[in-house]
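I opened a fresh page for this structure. I wanted the fold first, then the details.

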Amino acid sequence: MNRVLSNLGGKDVPKGHFAVYVGEASRKRYVIPLYYLNHPSFRCLLPQAEKEFGFNHPMGALTIPCTEEIFINLTCNSRSP
């Protein structure tokens, strides 16, 4: 799981990845591979993220409207094709 889902402390995002913030009360930053954008469950979260948070983020990453537990379960069950 660590190779696919990273909770990087720095601001660097490797090529082929993007940063997201996840969580309810306190948000954690994760850097995940771009192929997650093709996963149906993740695609369902994108319109919700736009509606709730918009796409202009001062923190520099997309905020995903779900709990950290749900996000980790989604990413653990979503492997590259």
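My entries follow in the order in which I looked things up.

**Overall content.** I am working with a predicted model. I counted the secondary structure first: two helices and three strands. Along the sequence I read the pattern β-β-α-β-α. The protein has 81 residues, and 36% of them count as buried. I then checked the contacts between residues at least 6 apart in sequence; 47% of these join residues at least 24 apart. For the surface I noted about 5,300 Å² exposed, with carbon and sulfur atoms supplying 53% of it.

**The sheet.** In what order do the three strands lie? I found β2-β1-β3, in an open sheet with mixed pairing. β2 (28-33) and β3 (62-64) are the edge strands; each has a single partner strand, so one side of each lacks a neighbour in the sheet. I noted an average twist of 40 degrees from one strand to the next.

**Pairing, strand by strand.** As background, strands of a sheet pair through backbone hydrogen bonds, in either the parallel or the antiparallel sense. I looked up both pairs here. β1 and β2 run antiparallel and share six bridges. In that pair, H17 stands opposite P33 of β2. β1 (residues 17-22) and β3 are parallel, with three bridges. There I picked out V20, whose bridge partner in β3 is L62. I also looked at burial in β2: five of its six residues are buried, so I logged the strand as mostly covered.

**The hairpin.** I went to the turn between β1 and β2 next. The hairpin has five residues between its strands, and G23 takes a positive phi near 130 degrees. S26 lies in the same loop between β1 and β2. Is S26 buried or exposed? I found S26 exposed, at a relative accessible area of 55%, and the cut-off for exposed is over 50%. I also took one distance from S26. T67 is 41 residues away in sequence, yet the two C-alpha atoms are 10.0 Å apart in space.

**Helix α1.** α1 covers residues 40-53 and lies across β1, β2 and β3. Its angle to β3 is about 110 degrees. I checked its length. With 14 residues at 1.5 Å a residue, α1 should span 20 Å; the end C-alpha atoms are 20 Å apart, so the two agree. Which residues of α1 are buried? I listed F42, L45 and A49. An α-helix has 3.6 residues a turn, so residues three or four places apart point the same way. The cover over the buried residues of α1 includes β1, β2, β3 and α2. After α1 comes G54, with a positive phi near 75 degrees.

**Helix α2.** I placed α2 at residues 68-76. This helix lies across β1 and β2 and runs at about 15 degrees to β2.

**Cysteines.** How many disulfides does the structure hold? I found zero. I then looked up the burial of two cysteines. C44 is exposed, with a relative accessible area of 51%. C66 is buried, at 9%. The cut-offs are over 50% for exposed and under 20% for buried, so C44 and C66 fall into opposite classes.

Conventions
Residues numbered from 1 in each chain as written. Predicted model: local features only at pLDDT ≥ 70, side-chain atom pairs only at ≥ 80, totals over all residues. Heavy atoms only, no water. Pairing = 2+ DSSP bridges. Helix = DSSP H or I, 4+ residues; strand = E, 2+ residues; numbered from the N terminus. Axes fitted to C-alpha atoms, helices over the stretch in contact; angles between N-to-C directions. Contact = heavy atoms within 4.5 Å. Disulfide = S-S within 2.5 Å. Buried < 20%, exposed > 50% of the residue type's maximum accessible area, 1.4 Å probe, protein only. Areas by Shrake-Rupley, 256 points an atom, 1.4 Å probe, with all protein chains shown as cover. Expected span 1.5 Å × (residues − 1).
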